[in-house]
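User: I'm new to this one. Could you walk me through how a few of its labels were earned?
Analyst: Happy to. Here it is.

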Amino acid sequence: MNNSSEFKKISLDEILVDKYNVRKKDIDKGLDDIAASIKAVGLLQPITVYKDDEKGKYVILAGQRRLNAFHYLNDNFPQNGYDQIDCKLIDEPPNDIEKMSISLAENITQATMATADIVEAVTKLFDYKRDYDYVRDKLGLTEYMVKKYVKLSRLPEKVVQAIKEGVIHPKSNNAENAALRAVDALQWIPNSGISEDDVIELAVEYAKDEIDNEALDAEARKGGTVEQIKEGAKKRGKTKLLLNLDVDLANKLKRVSEESGENESSKAIRYIASGVQKDLDDHE
């Protein structure tokens, strides 16, 4: 892995954007704001590049939007010094996966990437090693998020389209989590005989959160149509528990629930249910 780096100004025309930069969509979104910020206070964070000796150029790994902003400023304010940009020059990573992982690790912490770009890149890293811990350590993501992105890449195209179009839920994070839960509940796999329309219909129910999600899980495991699953879940009784959480625990629950796209009550019930089930299993 790269063990040395230096900082230097490099001319814009010496920098290439190559395939290793994982950000493909929304590259110029908010470009005016970035350019305005750079014009006002300067570039606060250098872009990351390595030297490609064969091409005689520098290849950018992270900071494409900042580079684009410099091109914009140089076009609109020539002779103002925007023809060069501050760069962090690192050793060339040993392989394509290492190059991509550096790009992804920084992009995740910068302006929000399109989910499709993250899913594609995370899945490539996972397929390289088939190891969730490897991807987690490479990118600084939680294991939950790594698994989520890999699962999203396996969703059927019709379900992916339903997520994009807001059919399942207007918020993409909620829609993604509902779709993944529906796939797991129905045990959908390609050529399983379970239709993609059924996955979408059940995902909509999870996203509504009007029927107890745990009840939907239980009924789905029994099989039957989505309508039968919904009706069976509605008939299941609920036991209400009142819990008083300290502030730290409540804040942690809030962060975890926001990350997973579930409301706090559903997430808490899930944790409690899994713990109770484990205790019951240990005593059998």
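**How the labels are earned**

Analyst: Let's start in helix H11 (residues 226-235): Lys234 and Glu231 both sit there, 3 residues apart, which is about one turn of the helix. Keep in mind that this is a predicted model.

User: What makes Lys234 and Glu231 a salt bridge?
Analyst: Their side chains meet at 3.5 Å, N to O. The cut-off is within 4 Å, so the pair qualifies. Salt bridges with shared partners also join Glu205, Lys208, Glu227 and Lys230 into one network.

User: Why is Glu231 called partly exposed?
Analyst: Its relative accessible area is 33%. Buried means under 20% and exposed means over 50%, so a value in between gets the label partly exposed.

User: How many salt bridges are there by this rule?
Analyst: The count comes to 16. One of them joins the side chains of Lys158 and Asp197 at 2.7 Å, N to O. Lys158 is in helix H7 (residues 157-164) and Asp197 in helix H9 (residues 196-208), so this pair ties together parts 39 residues apart in sequence.

User: How do you know whether Lys158 and Asp197 are buried or exposed?
Analyst: Neither word fits. Lys158 has a relative accessible area of 41%, so it is partly exposed. Asp197, at 43%, is partly exposed too.

User: What makes Arg181 and Asp217 a salt bridge?
Analyst: The N to O distance is 2.6 Å, and within 4 Å is what the rule asks for. This pair links distant parts of the chain, with Arg181 in helix H8 (residues 172-186) and Asp217 in helix H10 (residues 213-222), 36 residues apart.

User: And why does Arg181 count as buried?
Analyst: Its relative accessibility is 8%, and under 20% means buried, so the label follows. Asp217 has a relative accessible area of 11%, so it is buried as well.

User: Let's turn to the strands. What makes E3 and E5 a pair?
Analyst: Strand E3 (residues 47-52) and strand E5 (residues 84-90) share 4 bridges in the parallel sense. At least two bridges are needed, so they pair. In E5, Cys87 is the bridge partner of Ile47.

User: How do you know that E3 pairs with E4?
Analyst: E3 and strand E4 (residues 57-62) have 5 bridges, in the antiparallel sense. With at least two required, that pairing holds too. Thr48 stands opposite Ala62 in E4. The hairpin of E3 and E4 has 4 residues between the strands, and in it Gly56 takes a positive phi near 70 degrees.

User: Why is E3 called mostly covered?
Analyst: Of its 6 residues, 5 are buried.

Definitions and conventions:
Residues numbered from 1 in each chain as written. Predicted model: local features only at pLDDT ≥ 70, side-chain atom pairs only at ≥ 80, totals over all residues. Heavy atoms only, no water. Buried < 20%, exposed > 50% of the residue type's maximum accessible area, 1.4 Å probe, protein only. Helix = DSSP H or I, 4+ residues; strand = E, 2+ residues; numbered from the N terminus.
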